[in-house]
Amino acid sequence: MRVGIVSDTHGHVELTQPAVRMFESLDVERVLHCGDVGSAEVVELFAPWPTDFVFGNCDTDTKLLRTSIEQAGQTCHGEFGEIELNGARIALVHSHDRRRFVGAVGSGRYQVVCYGHTHVAAIEERGETLLINPGAVYRASPHSVALLELPQRKAMIIGL
């Protein structure tokens, strides 16, 4: 299973479109958005896939975003998401709440923790947990997303 991971779109449709095109070209089957979504228009761009969203620190109108996500038939997890894909337990968090982020990483409950907020792409292993930060679509150089292959738990950062 191919999973596209994106973060920090901050409502910028024109900057998010290359991420969507990349996911299309990679034949991803699902998308995880790690927060700072920013607008209902960005939510609409992910209509081709089942997409899981969490809120970030810049997602101030969470009621509007939640409504947009749910009306699009997507999943809104609030500030923390917990999903299972292809046998892998995945935590989805923005990481601005350090206690929640550190708790997810150190809990031993997740094989994968996907996070955003730093605008810096990173992939690392901590014990049995794979941490993936796709970087950012907005205010990053380069703009980037990540691809996760399951069940192998192989990840890569892809510049846009």
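**Prolines, odd backbone angles and a buried aspartate**

In this predicted model, Pro142 turns up in the loop between strand S9 (129-133) and strand S10 (144-149). The peptide bond leading into this proline, from Ser141 to Pro142, is cis, with omega near 0°. Another cis peptide bond links Leu150 to Pro151, and here omega is about 10°. Pro151 sits in the loop between S10 and strand S11 (154-159).

To put these spots in context, most peptide bonds are trans, and most residues other than glycine have a negative phi. That second habit is broken as well. His119 isn't a glycine, yet its phi is positive, near 65°; its home is the loop between strand S7 (112-115) and strand S8 (122-126). Asp36, also not a glycine, has a positive phi of about 55°. This aspartate belongs to the loop between strand S2 (30-33) and helix H2 (40-45), and it is buried, with a relative accessible area of 2%.

Asp36 leads on to Asp59, since Asp36 is among the residues that Asp59 touches; leaving aside residues up to four places away in sequence, the others are Gly35, Val37, Gly38, Val54 and Leu65. Asp59 itself is located in the loop between strand S3 (51-53) and helix H3 (62-71). What charged partner does buried Asp59 have? There is no salt bridge, and the nearest side chain of opposite charge, Arg66, is 11 Å away. Backbone atoms do come into play, though. A polar atom of the Asp59 side chain lies 2.9 Å from the backbone nitrogen of Val37, and the backbone nitrogen of Gly38 is likewise 2.9 Å from a polar atom of that side chain.

Definitions and conventions: Residues numbered from 1 in each chain as written. Predicted model: local features only at pLDDT ≥ 70, side-chain atom pairs only at ≥ 80, totals over all residues. Heavy atoms only, no water. Helix = DSSP H or I, 4+ residues; strand = E, 2+ residues; numbered from the N terminus. Buried < 20%, exposed > 50% of the residue type's maximum accessible area, 1.4 Å probe, protein only. Lys, Arg positive; Asp, Glu negative; His and termini not counted. Salt bridge = Lys/Arg side-chain N within 4 Å of Asp/Glu carboxyl O. Polar contact = N/O pair within 3.5 Å; in protein donor to acceptor, adjacent residues only side chain to side chain. Contact = heavy atoms within 4.5 Å.
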